[in-house]
Amino acid sequence: MNIAPVYDPLRNHGPGCGLGHSPTYWAATAGQTPEDDGPLAGDAEVDIAIIGGGYTGLSCAYHLAHDHGIKATVLEANRAGWGCSGRNGGSVRPSIGKLPYQRIIRKWGLEMAHRIYGEAEKALATTRHLIAESPVDCKLVDGGVLKVAHRPSRLRGLESEARFLKDTFGFEAELLDAGAVKASYMDGPEIHGGIRYPDGFGVHPLRLAHGMLALSRDAGATVHTASPVTGWEKADGRHLLTTPGGRLRAHAVALATNGYTPERLHPGISKRLLPVLSHIVVTRPLTDEEVAACDYKTPIPVIDTRNINQYYRLLPDNRLLFGSRGAPNDSATSRTRQRTFLRGRLGNKFPPLRDIPIDFDWNGFVCLSLDWIPHIHQVEDDPTVHYALAYGGGGLAFSLHAGRRLAARLAGDPGDEPAIPTTTTPLPRFPFAAFRRIGQRAAIAYLQLLDNVG
Ligand SMILES: Cc1cc2nc3c(=O)[nH]c(=O)nc-3n(C[C@H](O)[C@H](O)[C@H](O)COP(=O)(O)OP(=O)(O)OC[C@H]3O[C@@H](n4cnc5c(N)ncnc54)[C@H](O)[C@@H]3O)c2cc1C
């Protein structure tokens, strides 16, 4: 049962102080946490403070130290990887937000689509590089990521996607008919062919966050955990960040709080983010008979063709991880409802597992912007406050890369940063921001309707 405290970034002051990890499968299997610098105690002064100790914040700290010789200080409310970074599905692909490339081309043209695609590929390269450098083995599972048609009619969409990727970007996705998916991957009533993206892979997300913690500290950064920023003032050109244990004065601040950003943390980003819950369940280990009954033969991450994706992967100890959207709001009741909902969906996909016990379930906040793309920018009226936020549901690789971009901006040396809307435009404000959740509910209902027809 998910016993993590309930948090609503749009209403509460902050995500807590020094909380333990959510009760995830990843936390249960992460092994030893590398050392951090403990809570901030007393007053200190630094050039650059980073708020948030997930992939974005830790990657920013690592790249500042490693590439630019700047030893920054990270302030993390709970512990390294406590947010999305330690509790995601661990499926890695190059993606920049949620906007499909066809819409990108309509909006900004083909040349811009190529630039954006190039940046997404660089994000994957950054991720692979960091994994190779990391002293913590994040249990990489190579072999691609599979997207499965959940209805026979959806295979046509996958065929045109594969054609589009080849013709536009020269990317070779492997198209698989229903027989090929059944022969090599899995079988079930929602398996009707698919495509495999050979560049994708799986990771243990919390071990990856632990690796980033070790890398950033080895490079010279300081990482204070149990240090939520509860107050933020500016005086004499310096930022003064208050935490329960002390105050940090800084010339510049990087915001790396993504879906956990408290609405009132800084006026420059309030009303510009929509935190959206995603929920995961993990079964008890499957028996050999259950694995055989589903013809399940692969450890690679899988997603389906729903607009509101369902994603799954077989873990090393034969448990099945299964995730999808979460409830609109976090509460004890909504968590129970969501767990039951996901268990039902898992049973629809794999009927032999209909009654299988769930050993772990948890949720986490992904983050959307109004225009569905992440933004690496600075707040309007203060060039010393930078942010990298709003990756949508697939931000693992891009958040690590955005940390690198953020570091380069803070160091005043943007290097090979491309001019794309993610880097050239600030986070847009939500119109009628007070009603963001109502809009979200309506969008989910509409997308679900589309998923159940055609
Ligand atoms: C259930 C789930 C499944 C997902 N699955 C995938 C997947 O399979 N593949 C993929 O690519 N992406 C996935 N994602 C998204 C991915 O995990 C995120 O895009 C990525 O981890 C974002 O990293 P981040 O460092 O920006 O934010 P986070 O990891 O969320 O870190 C933000 C940190 O900020 C801290 N914080 C907030 N406020 C304060 C404050 N006032 N003071 C100090 N610290 C503060 C929080 O404690 C938190 O640790 C998933 C997300 C979820 C929730």
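# A guided tour, starting at strand β13

Begin by selecting Leu-277, which sits in strand β13, the stretch covering residues 274-283. Before going further, bear in mind that the model on your screen is predicted.

**Stop 1: Leu-277 and its neighbors**

Is Leu-277 buried or exposed? Its relative accessible area is 3%, and under 20% counts as buried, so Leu-277 is buried. Now show the residues around Leu-277. Leaving aside residues up to four places away in sequence, Leu-277 touches Arg-325, Gly-326, Ala-327, Asn-329, Asp-330, Asn-363, Gly-364 and Phe-365. Add Pro-328 to the selection as well: the C-alpha atoms of Leu-277 and Pro-328 are separated by 6.7 Å, while the two residues are 51 apart along the chain.

**Stop 2: the whole chain**

Zoom out and color the protein chain by secondary structure. You will find 12 helices and 19 strands. Along its principal axes, the C-alpha atoms of the chain fill a box of roughly 65 × 45 × 45 Å. How does the radius of gyration of the protein chain agree with that of a compact globule? A compact globule of 454 residues would have a radius of gyration near 22 Å, and the protein chain has 21 Å, which agrees.

Next, switch on a surface. The protein chain exposes about 17900 Å², and carbon and sulfur atoms supply 53% of that area. Of the 454 residues, 58% count as buried. Contacts tell you about the fold too: among those between residues at least 6 apart in sequence, 78% join residues at least 24 apart.

**Stop 3: Leu-19, ahead of the helix α1**

Travel towards the start of the chain and select Leu-19, in the segment before α1 (25-29). Leu-19 is partly exposed, with a relative accessible area of 25%. Which residues does Leu-19 touch, not counting those up to four places away in sequence? They are Pro-5, Asn-78, Arg-79 and Trp-82. Then highlight Ala-226: Leu-19 and Ala-226 are 207 residues apart in sequence, yet 7.4 Å apart in space from C-alpha to C-alpha.

**Stop 4: charges and a first salt bridge**

Color the charged residues. The chain carries 50 positive and 46 negative charges, and the mean positions of the two sets are 6 Å apart. Side chains of opposite charge can pair when their charged atoms come close. How many salt bridges does the structure hold? There are 29.

For one of them, select Asp-8 and Arg-11, whose side chains meet at 3.5 Å, N to O. The two partners contrast in their surroundings: Asp-8 is buried at 11% relative accessible area, whereas Arg-11 is exposed at 59%.

**Stop 5: a network around Asp-416**

Move on to Asp-416, which is partly exposed, with a relative accessible area of 39%. Show Lys-122 beside it: Asp-416 and Lys-122 form a salt bridge, with their closest N and O atoms 3.5 Å apart. Asp-416 lies in the loop between α10 (396-410) and α11 (421-424), and Lys-122 lies in helix α4 (residues 110-133), so this pair ties together parts that are 294 residues apart in sequence. Lys-122 counts as partly exposed, at 33% relative accessibility.

Now select Arg-404. Its salt bridge with Asp-416 has closest N and O atoms 3.4 Å apart. Arg-404 is in helix α10 and Asp-416 in the loop between α10 and α11, 12 residues apart. Arg-404 is partly exposed as well, at 23% relative accessibility. To see the wider picture, select Glu-119, Lys-122, Arg-404, Arg-405 and Asp-416 together: salt bridges that share partners join them into one network.

**Stop 6: helix α11**

For the last stop, select Pro-421, found in helix α11. Pro-421 is buried, with a relative accessible area of 6%. Setting aside residues up to four places away in sequence, Pro-421 touches Trp-108, Met-112, Ile-116, Ile-373 and His-375. With Ile-373 you can check the spacing: the C-alpha atoms of Pro-421 and Ile-373 are 8.1 Å apart, and the residues are 48 apart in sequence.

Finish with Thr-423, also placed in helix α11. Thr-423 is buried, with a relative accessible area of 4%. Which residues does Thr-423 touch, not counting residues up to four places away in sequence? Show Ile-376, His-377, Arg-409, Glu-417 and Pro-418 to see them around Thr-423.

Definitions and conventions
Residues numbered from 1 in each chain as written. Predicted model: local features only at pLDDT ≥ 70, side-chain atom pairs only at ≥ 80, totals over all residues. Heavy atoms only, no water. Helix = DSSP H or I, 4+ residues; strand = E, 2+ residues; numbered from the N terminus. Rg over C-alpha atoms; globule rule 2.2 N^0.38 Å. Buried < 20%, exposed > 50% of the residue type's maximum accessible area, 1.4 Å probe, protein only. Contact = heavy atoms within 4.5 Å. Areas by Shrake-Rupley, 256 points an atom, 1.4 Å probe, with all protein chains shown as cover. Lys, Arg positive; Asp, Glu negative; His and termini not counted. Charge placed at Lys NZ, Arg CZ, Asp CG, Glu CD. Salt bridge = Lys/Arg side-chain N within 4 Å of Asp/Glu carboxyl O.
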